[in-house]
Amino acid sequence: NNDNGSNESDTKSVRVGFVTSETGLGDQAFNDAIHSGTKKAETALDNVKLTVIEPGDAAKLETSVRSLAREGNDLIIAGAASLGDAVLVVAKEFPDTFFVIIDGDIDDYDNVQSIKANEEEAAYLTGAFAQLYAGEGNKIGFIGGMDIAVIKKFEVGFVEGAKAVGGTEADVLVSYTGVFNDPALGKQTAEAQHSNGATVIFAAAGACNLGMFEAAENIGFTALGAATGQFDKSDAIVASHVKSVDDLAESVITRFANGEKLTNGIVKYGLKEMGVDFRYNPQNPENNIEIPQEIIDKIEALKQQIINGDINVASFIE
Amino acid sequence: MSVAIKTENLSKKYDSFFANKDISMEIETNSVHAIVGENGAGKSTFVNMLYGITKKNYGKIFVFGQEVDYKGSKDAIDIGVGMVSQHFRLIPEFTVTENIILGMEPGKKTYLNRAAASKAIYKLTEEYGLMVNPDAKVKDISIGEQQRVEILKVLYRGSKVLILDEPTAVLTPQEIRELGVVIHKLKKMGKTIIIITHKLQEVMDFTDNITVFRQGKKIGDLVTKETTPEIITEMMVGRAVQLGGKSERTLSKSNQSALTIKDLNFVSKQGKRIHDINLDVKYGEIVGIAGVDGSGQSELINLISGIYKGHTGDMSINGKSVEGMSIRERRDNSFGYIPEDRHKEGLILNFSIEDNLLLGMEDKKMFRNKYGLLHKRAIKKNALDKIHDYDIRTTSESKPCSMLSGGNQQKVVFAREVADHPDFVLVAQPTRGLDIGAIEFVHEKLVHIRDQNKGILVISFELDELIALCDRIIVMCAGKITGELERHAFVKEKIGRMMIGQVEENDEKE
Amino acid sequence: MMKKNNKNLLLNHQEYFYTIYSIIGALLVGSIFIVFAGGNPFVTYGAMLKGSLGSQYALADTFNNALPLILTGLSVAFASKVGVFNIGAEGQLYVGALFATLVGLFLDLPPFLHSLVAILAALIGGAAWAFIAAILKEKRDVNVVISTILLNYLAIPLIHYLVNGPLRTDGLIVATDKIKESARLPFVIKMPFGITTAFIYVFIAVVITYIVLNYTAFGFKIKAVGSNRFAANYSGINIGFLSLLGLVLAGSLAGLGGGLEVISRQYRLISGFSPGYGYSGIPIALLGRRSPIGVVFAAMFFSILSTGAIEMQSQGISTSVISVIQGLVVLFIASEFVIRYLIKKIAENRLVKKEGVKE
Amino acid sequence: MNIGVLLYSSVLLMIPIGFAAIGATINEKSGIVNIGIEGMMLMGAFTSVLGAYYSNGNLLIGIICGILGGLILGLIHAVITVEFGGPQPVSSLGITLFATGATSFLLESIFGQKGSSPKVNTPKTSEFLEGIPLVGEYLADISIFIYIFIVVVIAAHYIINKTPIGLRLMSVGQDPKTAESVGINVWRIRYIAMMVSGGLAGLGGSFLTIGDLDRFQENMIAGRGYIALAAMILGKWSVKGTVMASLLFGFFEALKIQAQLSDSINIPIDLLSLLPYVITLIVLGLFIGGATGPKSLNKPFLKQKYQ
Ligand SMILES: Nc1ncnc2c1ncn2[C@@H]1O[C@H](COP(=O)(O)OP(=O)(O)OP(=O)(O)O)[C@@H](O)[C@H]1O
Ligand SMILES: Nc1ncnc2c1ncn2[C@@H]1O[C@H](COP(=O)(O)OP(=O)(O)OP(=O)(O)O)[C@@H](O)[C@H]1O
Ligand SMILES: [Mg+2]
Ligand SMILES: [Mg+2]
């Protein structure tokens, strides 16, 4: 960044608002992740003041976004696709406010950036890793929360990745808990998958993930986490699918606070843009977990292929 | 003579109203003591205090010379006082044994030996001659048997003083006679008995001493042997009373029928049957149906009113067949109906008097205004008129019926059902639980309706009432008609025998 | 003399006083939680009031949020008049919303007519869902509390299934497409206030319910059945039919709430769109003393609580405090008797003291 | 599909529902309606984590705290409804609303984090059972809650049906006036029943946090409290029936999991989730019908002094 820009913005204070989805904070998933990113930015930058609002229910999404805009926030981060309708309306009312919507698809507004993460790309790597780590002929498992589009993207990518390294007969068990808030059900689902032969399980099921980790610790299978990695949640997590909405939020705020003009329209964040990633648990060595170098190399290679466009991961959603 | 129970200035206040005021009296040990008085005189309140389920406001209670201050009925039971309340206190889903031992279960706290308890209860039934099956569920036994269970409950607790609050209100003459025998036996065994009843015959037959209550106060004590029903009545009401309506009736019986029933057969959900009922009520007569409880009267009236469905045979009211008619259609056909249980069936207790007087007539044109909405003024006028005509004692038509006394509640039902001069009136248990003054009022009204050339069918367990009131009595037993008598041939004993199914051919021809 | 008058006033309006005591009690206990969370109750409640009544925007939001609450409160109140405890308003609301959405998506009608048909569909949807519970009660005597709880638990995932499957829109949200413009209710005051004609329909529902209950023979019968089924039966009222109809009509009120939400605010059916409007209807009915007019005020109060929650968050107070306060309000309403008793005791003590002084 | 796993999983999923359903049966037998089971479970789940957290993973303290959490809410419900005759469905609904807010709130103010509590490490396996052949594998893995559950079932069945206390409990729910007239302290029994019920609901919640899992998550009861009510009615208010009905619900949940893993069954999860509710409604409609609870259910019975 050039000096002029930052000097200017250092003096100018910036107000940032973050609206969570209806689920709110504590979801063990993206609301928490975005929140931590915004917090980091607030702490790091002196000129940023952050306000967080949890609408609590679908009826108050619009009110929440509007109230942030009215209070004079310059940048508003809307944390989920469900805020799309609200942003559509409020962004028109407040043309001087800039909106960033995660998982949104608004592309014709001057003051709205829609972030589209390519979860399937990282899910592809996660699936490939799971199959490689489990070893040939062994089953792996995917546990989703609600059977909805966002989660389907994970499933589709995961299965495709597994097949890519394990051949068409790669056996992926797919289960959905049907809810996001029931860790006990997550645990039972994981145990059922394990008893059906899964030795590596990946879950993208909100708080149900906690139950899967629990089962992994008790029984001793390998867990793969989601969100920002969830490495602090369990030692059984060897690696994770990461959707870096925390970093995304942090970088968006930082750039905005530094006076950079954010691009409008849909912005894709894939492996290339580091919007999503596949990461290993930094505690693996302490946990005496060793990942064969050949697997690491293989995953790295796949990653490069995706980034280069040699592999095109199918997305559930177009 | 020792004293079992003594009270000094015993008083109970509800808000600012005294249900009992300064009652001081003594009840001799090993006597049968009656407490009489009009509805609301405070009899139940008084004995409830003796038994510890109502807390006194002030005054003293002594039991066998010892002053007591009950925290609850448990204390009363412990000191030897037991009570059978006006409304049975039994749990229908429990067995006889369970009902009796409840609250004082034999054996260890950690194990309830039902079989042993049942044996012990069986012994108790034999000892006092109160036979009832210990293992039967209470909901399956008759009212008379239930009463025995109530008495057994008290005896099981070793009570030396037994309080019976209106024990005979729902019993048949036979059952009342049996109760008399039991009371006699208990007295012989050394118990003290306090009995509340509205039936003076029982007072004369069963008791040694009498205390009369009026408006929450004690009016006086009497010795049964030295008094007469007339004296008691005068003390209770403050004047002489005549039952059965005015003595002379206009002879107006027509030969047209208000109600005709032909070959009626029916089986209820509980399996109760009624067989081949043929019955005819003419305009200008009061027909009574006598019978012990469960003889099929309830089924019969519920069939006539349309509550029960699914009979065979024909019924017509005021010349119209009721086949396929709804309850409302029957009522609209100039038919008034005073049901058995005024609290449950006759009134909506939390509705105002005004609304209760509208119930069943809310669809009538006269209560609609020009927009089709309820005509509030007409409804109010209707209420005020009926309150006046039927002498319903209340301060306002908008008071809920729950605040009225039993007699006044019955007047509300009466007013609603007969004020519009229906041609046929069906009346069930018209005076149950009413005091003598109220009974007089009801009887007068019924006879008055009859004299206007209307047909009336009355069902009552009170044989005396039927005899006083009816022009003709039909006797039912086990779902069948077992006899029919005209007014001049009413003989109590004979009807009583018919009620238990002893049809004596010879008698019939007399 | 003055004292005496005051006392009379208190006695006559006691009913309303208990309601107010309940609210005050809940707010007092709620402030303990706020202090515990490190907040200042005055500031927090101030923020709540500001966020719900403090500006035109806030007022508009509070007003709009109250509309579905009025209808579910009315639904519960109406059902209770016929003696049924309708926990099922939530499910009925969902199905009402579904029906309105279907009309909004798939029918092609001129603007005003389209919205009317959608409203009709919402009424029918709510009624149909309630009908299941009603018919199970009448034919098989199934406990309504339990069947309506089950039907709530059925309606929400059922609609989720439809909205996530056959009716799903493009994109990542779990919702249907937007309904056609012609089915949407017109604005009376434009965005950002967003007051639509929905309130007119709510108003009509309140007025009709009020008139039916108080000025019609039908309402009289409803109340008779609710107060004493036996006596109502003996008087010739068709109790089976009326209880059934009572619950079905209650269902249609809740269904209307769901339908209006779709055609006046959200414009599509979103999985899990209701924040428990149906459940809130229960305390609202009680707080409003089961009278249609009372329900309107009670719903406004609940709306103030939940709308104000957004502003409270700016004060650093978590939304969970709002649920705590809502729970406390319900508990205090349920404890009305405690309050009644305490007031009576206090009055008695005072009387004793006074008389003591006299003597 | 592995039948053994299916059944075992059914049992585990049944346990929390079962505890709560037995509790609900007890409070309904005493004549009190309690639709606040959900909230009591949630509170129990939370307080048991709290207890275990501050005692360094002491399971017993966790369990006791869980019971207390539910019990205190049961007591509040009892004060409002038993003591002062408040409307029971409303009061218990308030309990659930309150518990939902209060647990989230306390979670935040005590642990300083939203959504889920820190992990508490309670001893999971009954190590001494590990050696048992065949079943040992399972027995060792399950928490002592299963054994507590068995004890609770037997005790509840015995107390209700074979002791004087049980007879009194039922009499109080059938006809409190009659019970009072024979010297039974109706209110005391209702208080106790409500506290036992709350305690059992709390225990059910406790199983979810420190028995099955190791932490608390907001709203983690996920409707089990309401399912427990349905189980009580399906079980016609008998302990045996209630346990069977709870097992049925556990079975549906387990089936939902297993069906997805089976190749032959191809029903979307969203439809599978509807199954328990649909089946319960059908069973209620076709077979159970007018099973009515105790006669005096939901009817306030006031002490003299309040009348
Ligand atoms: N719980 C109560 N609250 C207020 N008033 C009451 C209550 N119970 C009884 N009363 C009043 O006390 C008076 C006496 O009632 P009580 O039941 O003792 O009369 P009773 O002589 O037994 O009448 P009955 O012959 O009808 O049985 C009645 O006028 C009644 O209105
Ligand atoms: N809470 C109350 N407030 C006012 N009056 C009451 C109250 N409870 C009972 N009463 C009146 O007290 C009187 C006696 O009550 P009780 O329960 O003995 O019934 P009852 O009059 O004997 O009824 P019945 O003889 O008709 O069966 C009745 O007149 C009743 O209306
Ligand atoms: Mg009496
Ligand atoms: Mg009486």
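This note covers the surroundings of ligand 1 and the confidence of chain A in a predicted model.

1. **Confidence in chain A.** Start with how far the model can be trusted here. The average pLDDT of chain A is 89. A score of at least 70 is reached by 96% of its residues.

2. **The start of chain A.** Treat this stretch with care. Residues 1-9 of chain A have pLDDT under 50 throughout. For these residues the model has 7 contacts beyond four places in sequence.

3. **Who surrounds ligand 1.** The shell counts 14 residues. Those that come nearest are B:N39, B:G40, B:K43, B:S44 and B:T45. Sorted by class, the shell holds 7 polar, 4 nonpolar and 3 charged residues.

4. **Which elements supply the shell.** Two elements of chain B, β2 (17-28) and α1 (43-50), each give at least two residues to the shell around ligand 1. The largest share comes from α1(B), with 3 residues.

5. **Polar side chains at the ligand.** Three side chains deserve a look. In B:T45, a polar side-chain atom sits 2.4 Å from an oxygen atom of ligand 1. For B:K43, the distance from a polar side-chain atom to an oxygen atom of ligand 1 is 2.7 Å. B:H198 has a side-chain N or O atom 3.1 Å from an oxygen atom of the ligand.

6. **How much of ligand 1 is covered.** Taken alone, ligand 1 exposes 640 Å². The protein buries 64% of that area.

How values were computed
Residues numbered from 1 in each chain as written. Chains lettered and ligands numbered in written order. Predicted model: local features only at pLDDT ≥ 70, side-chain atom pairs only at ≥ 80, totals over all residues. Heavy atoms only, no water. Near = heavy atom within 4 Å. Polar contact = N/O pair within 3.5 Å; in protein donor to acceptor, adjacent residues only side chain to side chain. Areas by Shrake-Rupley, 256 points an atom, 1.4 Å probe, with all protein chains shown as cover. Helix = DSSP H or I, 4+ residues; strand = E, 2+ residues; numbered from the N terminus. Nonpolar A, V, L, I, M, F, W, Y, C, P; charged D, E, K, R; others polar. pLDDT = per-residue confidence, 0-100. Contact = heavy atoms within 4.5 Å.
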